[in-house]
Number of protein chains: 2
Amino acid sequence: MTKPLLLNAFEMLVPVHQSPGLWRHPDSGAHRFAELGYWTDLAKALEDGGFHGIFFADILGQYDVHGGSADAAVRGGVQYPTLDPLLIVSALAAATERLGFGVTASVTYEHPYLLARKFGTLDHLTGGRVGWNIVTSYQESAARNLGLDTQIPHDERYDRAEEFMDVVYKLWEGSVDDGAVVADAAANVFVDPAGVRGIGHDGDVYRVPGPALVGPSPQRTPLLFQAGASARGRAFAGRHAEAVFFAASTPAQARKYTDGLRAELAAAGRAPESVKAFNIATVIVAETDEAAAAKLADYEAHVDTDAALALFAGWTGLDLSGLDQDAPLTYIRSEANQSALAQFTLLDPERTWTLREVAKFVSIGGRGPVIVGSPATVADELERFAEDGGIDGFNLTSAVRPADLLAFARLVSPELRRRGLLAESAPGATFREAVLGKGPRLAADHPGAAARVPVG
Amino acid sequence: MTKPLLLNAFEMLVPVHQSPGLWRHPDSGAHRFAELGYWTDLAKALEDGGFHGIFFADILGQYDVHGGSADAAVRGGVQYPTLDPLLIVSALAAATERLGFGVTASVTYEHPYLLARKFGTLDHLTGGRVGWNIVTSYQESAARNLGLDTQIPHDERYDRAEEFMDVVYKLWEGSVDDGAVVADAAANVFVDPAGVRGIGHDGDVYRVPGPALVGPSPQRTPLLFQAGASARGRAFAGRHAEAVFFAASTPAQARKYTDGLRAELAAAGRAPESVKAFNIATVIVAETDEAAAAKLADYEAHVDTDAALALFAGWTGLDLSGLDQDAPLTYIRSEANQSALAQFTLLDPERTWTLREVAKFVSIGGRGPVIVGSPATVADELERFAEDGGIDGFNLTSAVRPADLLAFARLVSPELRRRGLLAESAPGATFREAVLGKGPRLAADHPGAAARVPVG
């Protein structure tokens, strides 16, 4: 018996997230990506469909590796323009009651004193429904525009990230006591000064002597997401994450990942079930298997090969521009290529690919499985994947946005509910409670809990 | 005949904004300051009452001058805790149709590349209803927590601010052409790369080679507010502001300020009517003059002297803790005191004050007039003040929050409407159009317009 699944929508405030060219499909609404109503409508539909969260990716630069220019990505609307996802959360919270909001923010480009206030603010305004996807950022173009000559080296970014987490845990967990914000008119005390303390942080990178600007919010620390694929990234996730995203294309690959995750958790002294594992998946559903297969074929005809290769180049650093898109690629097995392609677990180097096939692969499914069929077929496959892969839920992407997510909510969610496979969030539950089944605060064995000040 | 007035609500996402102790009044709802519903309800009421905007102040530190500690400010909830105002705007936009949103953000602690994205995002999500209050920040406690040993000196902050504005104008006005975001499926062009250009900024403080992350929003540059009182601040406002806030206590003082403003505009080569002048005012209204006077007396009984002096100390740098609160103060005329008290135009050094009186002065009215009476009395006084002072509107604060703003909307706005004194915003108008009467883009004689790239 499969345990109930967690459902997360994987989104981004851009015209094209992971499916270049598909915005040209007649069912696409992506041209409305900068309209508030587009997102409030989607959030409501996801909540009705039993989704636990909507998760916003973010980047701070353009994809400019392909052909040495951003032109292909710009023309294709590939993650450009890029709105700031932190700024839409309060509107989506006002439009919903149970949906959680995962937001990407970079420890490289934010200051912990201010980021702590941002998530503290959103945790208050959402009633505890906010999560943070911790990233260290990977784009040269972002680094340049923020005044750095080049990116901070990968491992140094993770060293800084560790100190960043130390600072924000102190601000969220240790700076203001639970009972400090009393608003007691008779006693003439809004906040008890004895319950507020400066964190006195004086580290290699950050110095933050003072207290948090925001008082204790429902979750204090937002639900922590991470998706690092490198060894440093996985160790970081093992210490800090409460939910991880990854992109296995088969249940066996997923099992390998989740086994590794449990080992990292053990190394960090945390309980094996402390972290929920979400695999990326694209679901193309229709009333029947035949109709779904036809939909996929129709989608494939809308792929934009050049724009897809621009996205691929941005992710991997491999510039494949100017090559014949229908000629078989010769795969050169080199260490650099292995590293660049490591995240593309489906991109089998033993197979012969053309660039057009790479583009199709990137554009429909991205880095995860593409599940196509009737509601029953999709539910079967989700159930099998989750059970065999040892995962807790899916991070669902759209090929055609928002149509595929709406179709999932309309067709697949009822089927999952019928099977008892959809874990419904309780109204009023925090994001942590909805995802982890407990909370609203960090677990005692999470390193952030060490920043708490004992009461007594 | 007085021209119609502009109305702005002056708020802050804190328990106590400018009226220490008044949160203890039975009509106060300020204990709900961290609840989204508190703010969406207020925004709707203000819109119904014909307000053109709600304006959010912000600070990034605590008031810790009084007694050398933040305890008095913390106890009184004086601008602490402090939520991030940028993050509530989208929810308020979803709840309203015409209200504008002015948000304070610091050029000292933000990066222009990211701040440009924030306001670009909000300008999209609000349909062009966002404004920016440009501040350079003044708190030691904020500087320390952001890794600086002390504040950047005042004049250097303004030099940096000038370069900051140069960068954001290039990003908002010059980086992406109006027609560039076409979403033309037939042509397979979401964004025309020829209409997107890096700004190539390489200055003393900032280096931003790349293009804006956000495309052209309804206003591009948000409506620009400024409230600088120093000579540098006034010159900065003369160049950049489209609306200014100040705190004159009499129409004569207001006239002096607005005359100076027009001179600064002329010096900057801008039309005299380019900038709207808002004076702070506190309105205490009831059905009758007698009832309003009784309300004021009741309010005065709720002032918290110690918390008010903590706020006063934070503003002026004068620590008056530990003195007898009922003894007459000896005013020592010194250059430092003059400078510190300059913004308190009402605080007449010729008069004898006790600390309790200073506290009352600070807590009800802050730095502007307190207008008390029936709707007709209040409207008379607003009309007289505006006409004699040469101002365009009022930045209305509450003593008891949000009760005084709600009472204004319920009682004074109908009276102003009856007199033809309330300039109603058209549905769908941008904030710039609502305030300046033209737009939606920056005027041609505004320095930001120089960042535009000629089409052709």
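In the predicted model, Asn8(A) is in contact, beyond its neighbours within four places in sequence, with Phe51(A), Gly53(A), Ile54(A), Phe55(A), Phe245(A), Phe278(A), Phe394(A), Asn395(A) and Leu396(A). The residue belongs to strand E1 of chain A, which spans residues 6-11, and Asn8(A) has a relative accessible area of 2%, so that it counts as buried. Within this set of neighbours, Asn395(A) is also a polar partner, since its side chain and that of Asn8(A) make a polar contact at 2.5 Å.

A buried polar residue of chain B, Ser175(B), is placed in the loop that links helix H6 (154-174) to strand E5 (181-184) of that chain. The relative accessible area of Ser175(B) is 0%, and the residue is therefore classed as buried. When residues up to four places away in sequence are not counted, Ser175(B) touches Lys170(B), Gly195(B), Val196(B), Arg197(B), Ile199(B), Pro211(B) and Ala212(B). With Ala212(B) the contact includes a polar approach, the backbone nitrogen of Ala212(B) lying 2.9 Å from a polar atom of the Ser175(B) side chain.

Between the two chains, 71 residues of chain A are in contact with 71 residues of chain B, and the area buried between chain A and chain B is about 5,900 Å², of which 63% is on carbon and sulfur atoms. On the side of chain A, the residues that lose the most area to chain B are Leu87(A), Asn145(A) and Phe190(A), which together account for 13% of what that side buries. Two salt bridges are found across the interface of chain A and chain B; in a salt bridge between Asp58(A) and Arg117(B), the side chains meet at 2.8 Å, N to O. The interface of chain A and chain B further holds 35 residue pairs in polar contact, with both residues at pLDDT 80 or more. Several elements of chain A each supply at least two residues of the side that touches chain B, namely helices H2 (71-75), H3 (89-95), H4 (112-125) and H5 (140-145), together with strands E5 (181-184), E6 (189-191) and E8 (207-208). Of these, H4(A) gives the most, with eight residues, and the residues of the side of chain A that touches chain B comprise 42 nonpolar, 15 polar and 14 charged.

In soluble globular proteins, nonpolar side chains tend to be buried together. The largest nonpolar core in the model has 277 residues, of which Trp132(A) and Trp132(B) touch the most other members. Apart from this core lies another, of eleven residues, including Leu22(A), Leu296(A), Val303(A) and Ala403(A).

Some backbone features remain to be described. In chain A, the peptide bond from Gly439(A) to Pro440(A) is cis, with omega near 10°, and Pro440(A) is found in the segment after helix H15 (431-436) of that chain. In chain B, the peptide bond from Gly439(B) to Pro440(B) is likewise cis, with omega near 10°, and Pro440(B) lies in the segment after helix H15 (431-436) of chain B. Positive phi values in residues other than glycine include that of Ala183(A), about 50°, and that of Gln79(B), near 50°. Ala183(A) is located in strand E5 of chain A and, because its relative accessibility is 27%, counts as partly exposed. Gln79(B), by contrast, occupies the loop between helix H2 (71-75) and helix H3 (89-95) of chain B and has a relative accessible area of 4%, so that it is buried.

Methods. Residues numbered from 1 in each chain as written. Chains lettered and ligands numbered in written order. Predicted model: local features only at pLDDT ≥ 70, side-chain atom pairs only at ≥ 80, totals over all residues. Heavy atoms only, no water. Contact = heavy atoms within 4.5 Å. Buried area = accessible area lost by both parts, 1.4 Å probe. Salt bridge = Lys/Arg side-chain N within 4 Å of Asp/Glu carboxyl O. Polar contact = N/O pair within 3.5 Å; in protein donor to acceptor, adjacent residues only side chain to side chain. Helix = DSSP H or I, 4+ residues; strand = E, 2+ residues; numbered from the N terminus. Nonpolar A, V, L, I, M, F, W, Y, C, P; charged D, E, K, R; others polar. Buried < 20%, exposed > 50% of the residue type's maximum accessible area, 1.4 Å probe, protein only. Core = buried A, V, L, I, M, F, W, Y, C linked by side-chain atoms within 4.5 Å.
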